[in-house]
Amino acid sequence: MKFLRLLLKILGGLLALIVLFLAVSLSPNDHTPYQQTDFYRQTTARLNALPALPKPKTALRAGWAKANLTPTFTTPTGGYGVRKGKHWTTVADSVWVRAVVFDNGNGPVALIASDLLITPPTLSEQLRKRLPEVGLRWESVYFGAIHSHNSLGGWAPGLVGNLFSGSYDQRAVDHITNTILNAIRRAKADLQPVTVGYREVNAPEFVYNRLDDTKPVDPFFRLLQLKRANGQTATLATYPAHATLIDIFSYQYLSRDWPGRLVDGLERETDGFALFLAGGVGSMGPKGPPTGKDIKLIDQYAAEMLTRLKPELSQFNAAPDSTLGLLTLPLTLRDPAPRVIGDWRIRPWLFHAVYGDYPSDLKALRVGPVLLIGTPCDFSGELLAPLTQVARQQGLDLIVTSFNGGYVGYITPDAYYDKDAYETRVMNWFGPQNGAYFSELMQGLTRKSTY
């Protein structure tokens, strides 16, 4: 009996600790309409206060360059927790940082495309401090990534960071930072006058909706081309399909996945420079090779894409346009709200303890008649159609990209919020209504990007 009473006391104490932990760790979800919240009022006030685009002082000039991101040391591959932080052993293809620097007399603005899973928050923190070394600020650089799940990892501390990118290695963050600065220096040294062209290619055969295959996809390649008087070109391509053709268990390869093969093909076809940014990849998967995921299928998938794009590459009709400007909108979000039991979420203190607390922005880069909007997330391609319509009403061609620095999870249509899926359950980190919230802010940035 004494043993039984002791056991009951121990069990009672454990139960009390569990109840106490749940009480301080969980709370009911917040469904306050976002337009009635302080975070909405704060961010829209910043949006309204953004300055107008500066008038051009000179013709638009641009320079471009790349720098090899392949390190002398190995890292985990970022993207899949199931790989448990294993390091790559084979360089299937080198990874790069590609930079384009623009100027129209108002000071340089840069666009960076990194062959990474995302632009990691730790990298953003370091770049905010070091960009002045190359004459730039965080507010004058537009970032994106190809979203390969077989590129460098080791760039994020904490529990969540370890799950997605393996054990933290400061060398990885330093190496990526130095490579980006190197690419910017080279591009700045190569500024020459350019004209600007845009093409949109409808190619639904390469993408499917991972959330619901009966729902729409964003089917478009969006292409921006810069052209010099001597015929040299730089071609930026975006597409919404995830770069996930390499098998989830194939940790051993360092690779750009299919976007790398596509960039190589674009450079061959144009005899110029090319770069790729992941588009609205949230809930968009690669539809193509029917026999499964394998590194050998990357060439096939990219070759079929290139066949589709090849006739378009000589149809840009580039024209002079010196409009240039970059708007940076710092975001305030709803308190973190990853759900664990029904509609109960973990409290913000616990989320920040396991993930960190990083700033995030929306960025809008105007280059001639083209507007690029960069998001700090996997932004869903399903949300693009109304945004594109607003841009066209303003006389603009719109390109939306993901992974601009910071990371806030997946932003998907709000109708999916209660769907039990990876994108909407595991990776929805900041609660309901973010599809509408982000869309409203991006429409506001679009209107701000005109004279």
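**Entry 1: R130 and its partner**

I opened this predicted model at R130, which counts as partly exposed at 22% relative accessibility. Buried would need a value under 20%, so R130 falls in the partly exposed class. Which residue does the R130 side chain meet in a salt bridge? I found E133, with 2.9 Å from N to O. E133 is partly exposed too, and its relative accessible area is 46%.

**Entry 2: the helix that holds R130**

I stayed with R130 and looked at helix α3, which spans residues 121–130. Helix α3 packs against helix α5 (residues 170–188), their axes lying 10 Å apart at an angle of about 50°. That angle makes α3 oblique to α5. I noted the crossing of α3 and α5 as right-handed. On the α3 side, I listed T122, L123, Q126, L127 and R130 as the residues making the contact. Facing them from α5 are Q170, V173, D174, I176, T177, N178, I180 and L181. Sorted by kind, the residues of this α3 and α5 contact are six nonpolar, five polar and two charged.

**Entry 3: V97, with a link back to α5**

Next I picked V97, a residue of strand β5. Is V97 buried or exposed? V97 is buried, and I read a relative accessible area of 0% for it. I then asked what V97 touches beyond its neighbours within four places in sequence. The contacts are A65, K66, A67, L69, I112, A113, S114, T179, I180 and A183. I180 had already turned up in my notes, as one of the α5 residues that meet α3. A183 sits 86 residues from V97 along the chain, yet I found their C-alpha atoms separated by 6.7 Å.

**Entry 4: salt bridges over the whole structure**

How many salt bridges does a search of the whole structure find? The search gave me 21. I looked up D103, whose salt bridge partner is R61, with 3.8 Å between the closest N and O atoms. This pair links distant parts of the chain: D103 belongs to strand β5 (residues 96–103) and R61 to strand β2 (residues 61–68), 42 residues apart. D103 counts as buried at 10% relative accessibility, whereas R61, at 30%, counts as partly exposed.

I also looked up D264, which forms a salt bridge with R256, the closest N and O atoms being 2.8 Å apart. D264 is partly exposed, with a relative accessible area of 25%, while R256 counts as buried at 5%. Which residues are joined into one network by salt bridges that share partners? I wrote down D93, R256, R261, D264 and D299.

**Entry 5: helix α11 and two packing partners**

I turned to helix α11, residues 434–448, and began with its contact to helix α9, residues 384–393. The two axes come within 9 Å and cross at roughly 15°. α9 is therefore roughly parallel to α11. The crossing of α9 and α11 is right-handed. Which residues of α9 meet α11? They are L387, V390 and A391, and in α11 they meet S439, M442, Q443, T446 and R447. I sorted the contact residues into four nonpolar, three polar and one charged.

Then I looked at helix α2 (residues 38–49), which packs with α11 at an angle of about 10°, the axes being 10 Å apart. These two helices are therefore roughly parallel to each other as well. From α2, the contact uses F39, Y40, T43, T44, L47 and N48. From α11, I noted Y437, E440, L441, G444, L445 and K448. The α2 and α11 contact divides into six nonpolar, four polar and two charged residues.

**Entry 6: M284**

My last lookup was M284, which has its place in strand β16 (residues 284–286). Its relative accessible area is 0%, so I entered M284 as buried. What does M284 touch, leaving out residues up to four places away in sequence? One group in my list is V207, Y208, N209 and R210, and another is P216, V217 and D218. The list also includes P240, A241 and H242, along with G381 and E382. I checked L211 too: it is 73 residues from M284 along the chain, and their C-alpha atoms are separated by 8.0 Å.

Conventions
Residues are numbered from 1 along each chain as its sequence is written. This is a predicted model: local features need pLDDT of at least 70, side-chain atom pairs count only at pLDDT 80 or more; totals for chains, interfaces and linings use all residues. Side-chain values use heavy atoms; hydrogens and water are left out. A salt bridge is a side-chain nitrogen of Lys or Arg within 4 Å of a carboxyl oxygen of Asp or Glu. Helices (H or I, at least four residues) and strands (E, at least two) are DSSP runs, numbered from the N terminus. Buried means under 20% relative accessible area, exposed over 50%, partly exposed in between (1.4 Å probe, protein chains only). Axes are lines fitted to C-alpha atoms, for helices over the stretch in contact, and angles run from 0 to 180 degrees between N-to-C directions. Angles under 35 degrees count as roughly parallel, over 145 as roughly antiparallel, 65 to 115 as roughly perpendicular and the rest as oblique. A crossing is left-handed if the near helix is turned anticlockwise from the far one by less than a right angle, and right-handed if clockwise. Contact means heavy atoms within 4.5 Å. Ala, Val, Leu, Ile, Met, Phe, Trp, Tyr, Cys and Pro count as nonpolar, Asp, Glu, Lys and Arg as charged, and the others, Gly among them, as polar.
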